[in-house]
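Student: I should like to learn how to read the features of a protein model from its coordinates. Could we proceed case by case, with the general idea preceding each example?

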Amino acid sequence: MYSDDVLGEDGRTAFNACVRVKVLRNPNPLELPQYSREDALKRVQNCYGSPLPQGLDTWRLYDPLVLYDQRNDHQLNISKLKRTYSIADIAGALSDFDEKFYVERDPEDGPDAEQIKAKIKERRAAVSRELKEFEDPNNRRKYSWIVAQRRVRDCFAGKFAGDSDILSHRVGLKVYYTMSDIYEAYMDIDRKKQLTKYAQDEGPGSKELKDLIDKNTESMRSEYHKHPQQKYPRGVAERMLRNCFAGTLPIDTVILPPREGADNFPYDISDIHKAIAKFDNKKLIDKYPKQNGHRDLEKKNEVDKQRADIRNEFEAATKPEIEHGTGFIIAGVTNDDYHIITNKHVVETFLENSGKGNCEIHICNEVIGNVVIDDVDDDNLNDLALLHCSKLNSVENSKIHPLELFPESLKTGQPVFCFGYPIHHHGNTALFVNGSVSGHQERMSGGPLVMLHCSLSSGCSGGPVMCRVKNQLQVLGMVKEKHIKDILTQKEQEKLSRDRDTVSGGAEVAKIVLKLNEALTGTHSPFNFVNVIPAEKSRNSTVSNA
């Protein structure tokens with residue numbers, strides 16, 4: 001008896017056993033097109049439509065390519081101006097820069113980094129406690145601008161991007177300043193009174209701020225006398241210096257907007273809390289300009305085009321996915337020893353390049369994520385491959401429900417269903433397709449194949465063919481290939497590709513003809529028939545017993 005619910009709950013659970021199988025090529029960086037530093041930097045900069053932050057008049061300090069080289073620990077033996085960048089470098093620099101925050105919450109690695117991180121955590125907790133304690137706005141303490149903005153600044157470790165430099169600029173990927181450099185800069189600023197030392201009011205928080213500044217100054221002075229040559233990264237050095245002053249420069253980042261006409265204490269803890277949240281999420285540069293008219297919309301469209309050009313060129317140059325199919329998980333000798341079975345032709349390129357290190361097989365779905373295959377056993381006669389993946393066994397057992405191959409024969413007229421990942425489907429769960437057994441096809445070797453009438457497309461090879469018999473889900477076969485009919489012979493395709501410039505209509509017409517041929521004999525084949533390898537062949541194959 002066949003259930004009205006063909007799939008059933010166990011069938012829906014079986015989706016977890018169906019995986020996308022991808023053969024990826026590891027591109028050789030030396031083969032990728034190279035760009036001069038000037039051209040590479042311009043391509044990244046054109047991917048942002050918003051102006052630079054206030055106080056940041058040049059890309060010099062936040063150079064996307066320098067940040068990319070820093071993050072990837074590139075050791076440059078030549079001038080950065082002579083450095084060339086591949087499209088992969090440009091795409092990587094853009095991705096890194098998209099994630100660059102206006103100010104970093106945590107300190108860079110260095111002396112006292114953990115202590116600074118603990119202090120920031122403590123200050124943020126104090127803000128949250130005060131906000132909770134004084135829920136009524138009328139009962140909240142009022143703070144001056146200089147005290148309020150300092151409380152916000154003290155909840156971050158990094159330099160605010162719009163702040164002016166108070167240390168002399170130095171060129172290089174990783175810039176360091178000695179304790180002697182920092183102390184001398186402090187003395188110079190204090191003597192010239194470039195920054196206000198203490199808050200000029202006696203309102204809430206002013207005494208605490210004065211005590212903190214005195215403590216920071218004494219700590220810096222003590223460190224200078226003990227370790228004058230101790231080195232600090234630029235961000236840490238700048239912050240250490242600013243911690244000894246309450247004031248900021250006129251062109252520094254506006255932490256809290258001024259309130260004209262207000263009294264000397266216009267800010268409360270809610271303003272401080274909102275400012276912290278704002279800078280927690282603020283990126284260095286917004287991707288798009290604020291939409292204030294037709295010109296801004298044009299700029300947004302141009303940014304999208306620039307980004308698409310980089311993405312498309314990167315994908316075309318690297319071509320990471322060179323083969324694509326479906327497979328499903330089966331149990332090994334023990335219940336927690338899993339393997340993946342698929343067609344050999346799905347992983348043919350990997351097998352041909354085995355040992356060269358330029359290809360690898362990945363499997364993925366919603367449950368297991370993306371994992372790399374360790375080894376492959378193949379059966380050329382039956383077009384089968386067994387994929388071994390040690391990482392698969394570390395996935396929580398309750399999430400994987402391996403399928404079992406049944407030796408029952410598929411009978412003409414029998415309704416069946418399949419799981420698969422057609423190439424047009426980009427989701428992490430396989431698609432369900434139903435059909436029926438149309439007949440059998442004899443072969444000269446390897447035994448007969450089963451023919452299904454089923455609307456499957458390219459990418460589903462290796463997927464399970466199942467049915468429900470006596471309320472039991474059974475895997476009775478594996479999808480092998482879709483029926484196609486050649487429109488152009490192989491020789492005709494080769495001739496058209498070789499002589500495309502002499503074809504009537506030119507190279508573009510030849511290109512279109514070749515694409516139509518590929519579509520009509522592959523993804524858009526008009527035939528809704530597929531060949532299936534019976535499950536008994538898979539059970540008896542050498543790969544299943546490997």
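Student: Where is Leu 384 found?

Tutor: Leu 384 is found in strand S11, which covers residues 384-388. Please bear in mind throughout that this is a predicted model.

Student: Is Leu 384 buried or exposed?

Tutor: The general idea is to compare the relative accessible area with a cut-off: under 20% counts as buried. Leu 384 has a relative accessibility of 0%, and therefore counts as buried. Its C-alpha atom is separated by 5.9 Å from that of Thr 342, although the two residues are 42 residues apart along the chain.

Student: What should I note about the backbone of Asp 383?

Tutor: Asp 383 has a positive phi of about 55°, although it is not a glycine. The residue is found in the loop between strand S10 (375-379) and S11. With a relative accessibility of 8%, Asp 383 counts as buried.

Student: Which other residue has a positive phi without being glycine?

Tutor: Lys 193 is one such residue, with phi near 55°. Its place is the loop between H7 and H8. As its relative accessibility is 67%, Lys 193 counts as exposed.

Student: That loop lies between two helices. How is the packing of a pair of helices described?

Tutor: Two packed helices are described by the angle between their axes and by the distance between those axes. Here, the axes of H7 (residues 179-192) and H8 (residues 206-226) come within 9 Å and cross at roughly 135°. That angle makes H7 oblique to H8. The crossing of the two helices is left-handed.

Student: Which residues make the contact between H7 and H8?

Tutor: On the H7 side they are Met 179, Ser 180, Ile 182, Tyr 183 and Tyr 186, while H8 supplies Thr 217, Met 220, Arg 221, Glu 223 and Tyr 224. By class, the residues of this contact comprise 6 nonpolar, 2 polar and 2 charged. As for the general idea behind such patterns, an α-helix has 3.6 residues a turn, so residues three or four places apart point the same way.

Student: At what angle do H3 and H4 cross?

Tutor: The axes of H3 and H4 cross at roughly 95° and come within 9 Å. H3 is therefore roughly perpendicular to H4. Pro 64, Leu 65, Leu 67, Tyr 68 and Arg 71 of H3 meet Ala 88, Asp 89, Gly 92, Ala 93, Asp 96 and Phe 97 of H4 in this contact. The contact has 7 nonpolar, 1 polar and 3 charged residues.

Student: What span should H4 have, given its number of residues?

Tutor: The 12 residues of H4 (residues 87-98), at 1.5 Å a residue, should span 16 Å. The C-alpha atoms at its ends are 16 Å apart, which agrees with that expectation.

Student: How many residues of H4 are buried?

Tutor: Of its 12 residues, 9 are buried, so H4 is largely enclosed by the rest of the structure. The buried residues are Ile 87, Asp 89, Ile 90, Ala 91, Gly 92, Ala 93, Leu 94, Asp 96 and Phe 97. They pack against strand S2 (34-36), helix H2 (37-45), helix H3 (64-71), strand S3 (84-86) and helix H11 (294-318).

Student: Let us turn to helix H10. What does Asp 271 touch?

Tutor: Asp 271 has its place in helix H10 (residues 269-281). Leaving aside residues up to four places away in sequence, Asp 271 touches Leu 256, Arg 259 and Pro 266. Its relative accessibility is 14%, so Asp 271 counts as buried.

Student: How does Ala 277 count in terms of accessibility?

Tutor: Ala 277, also placed in helix H10, counts as partly exposed because its relative accessibility is 32%. Its C-alpha atom is separated by 9.6 Å from that of Val 152, with their positions 125 residues apart along the chain taken as the separation.

Student: How should the chain as a whole be summarised?

Tutor: The protein chain contains 15 helices and 17 strands. Of its 546 residues, 45% count as buried. Among contacts with a separation of 6 or more, 75% join residues 24 or more positions apart.

Definitions and conventions: Residues are numbered from 1 along each chain as its sequence is written. This is a predicted model: local features need pLDDT of at least 70, side-chain atom pairs count only at pLDDT 80 or more; totals for chains, interfaces and linings use all residues. Side-chain values use heavy atoms; hydrogens and water are left out. Axes are lines fitted to C-alpha atoms, for helices over the stretch in contact, and angles run from 0 to 180 degrees between N-to-C directions. Helices (H or I, at least four residues) and strands (E, at least two) are DSSP runs, numbered from the N terminus. Angles under 35 degrees count as roughly parallel, over 145 as roughly antiparallel, 65 to 115 as roughly perpendicular and the rest as oblique. A crossing is left-handed if the near helix is turned anticlockwise from the far one by less than a right angle, and right-handed if clockwise. Contact means heavy atoms within 4.5 Å. Ala, Val, Leu, Ile, Met, Phe, Trp, Tyr, Cys and Pro count as nonpolar, Asp, Glu, Lys and Arg as charged, and the others, Gly among them, as polar. The expected span of a helix is 1.5 Å times one less than its number of residues. Buried means under 20% relative accessible area, exposed over 50%, partly exposed in between (1.4 Å probe, protein chains only).
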